[in-house]
Amino acid sequence: MTDRQSASISSRRQPKQARSADLLGAILQAAVQVLAKEGAHRFTTTRVAERAGVSVGSVYQYFPNKASILFRLQSDEWRQTMQMMRGILEDAQRPPLERLRMLTHAFIRSECEEAEVRTALGDAAPFYRDAPEAQEVRAAGNGIVHAFMRQALPAASDATREMAGDLIMKTLSTVGKDFSESPRTAAEIEAWSNAMADMFCTYMQSLAPR
């Protein structure tokens, strides 16, 4: 309970030397393994330290509590997702609906490839989701989507664009999580991605003023 109510989930320090970077990398790798094996509610700094082969004190050099470790894992995952989104949605050389289709395929594929850790991180969300740091990361992702919607629906109202962006991303996230909870073949991933992309593109076309 103490971890959940902690005032800060930020890392304590950033490594400045290669040796320190290696130690932090080992801690984070161990944290992923512990989270996948034990789940969020059995995740502890002690288990992370044991898995990494370091002292608990070494873990506390970088993270003040388990919530800060979990948030670091989640923020790293969010950062990778945002880089993917930015690379696809900001590609002005492609028509908006083609970008949306590409994003749908990439998102669903990513969810399936990292399902175990993503599910565990979802269970860990109550430990950090209300923290200012988490809200800042989510706001950055929303900004990417809203900028894309301004390009895709230039004649639509701000309210319509905001609703469309929120609906598509929430649908992607919810369906992606549910779909990835069972092992999927490449053909299944392709079929579901195509179906979702068709649905999104039809919805977007219906919003464009005639």
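**Reading a helix crossing**

Modeller: In this predicted model, helix 4 and helix 6 (DSSP runs of H or I, at least four residues, numbered from the N terminus) make a left-handed crossing (the near helix is turned anticlockwise from the far one by less than a right angle). Residues count from 1 along each chain, local features need pLDDT of at least 70, side-chain atom pairs need 80 or more, and totals for chains, interfaces and linings use all residues. Side-chain values use heavy atoms, without hydrogens or water.

Biologist: At what angle do the axes of helix 4 and helix 6 cross?

Modeller: Two packed helices are described by the angle and the distance between their axes. Here helix 4 (residues 66–89) and helix 6 (residues 115–124) cross at roughly 125°, with axes coming within 10 Å. Helix 4 is therefore oblique to helix 6 (not under 35, over 145 or 65 to 115 degrees).

Biologist: Which residues make the contact?

Modeller: Contact means heavy atoms within 4.5 Å. Helix 4 supplies Leu70, Leu73, Gln74, Glu77 and Thr81. Helix 6 supplies Arg118, Leu121 and Ala124.

Biologist: Which element has the lowest mean pLDDT?

Modeller: pLDDT is the predictor's confidence in each residue, from 0 to 100. Helix 6 is lowest, at 74. Helix 9 (residues 186–207) is highest, at 96. The chain averages 86, and 90% of residues score at least 70. Residues 1–7 fall below 50.

Biologist: Where is Gln151 found, and what does Gln151 touch?

Modeller: Gln151 sits in helix 7 (residues 132–152). Leaving out residues up to four places away in sequence, Gln151 touches Leu89, Pro96 and Arg99. Pro95 is 56 residues from Gln151 in sequence but 9.6 Å away, C-alpha to C-alpha.

How values were computed: Axes are lines fitted to C-alpha atoms, for helices over the stretch in contact, and angles run from 0 to 180 degrees between N-to-C directions. Helices (H or I, at least four residues) and strands (E, at least two) are DSSP runs, numbered from the N terminus.
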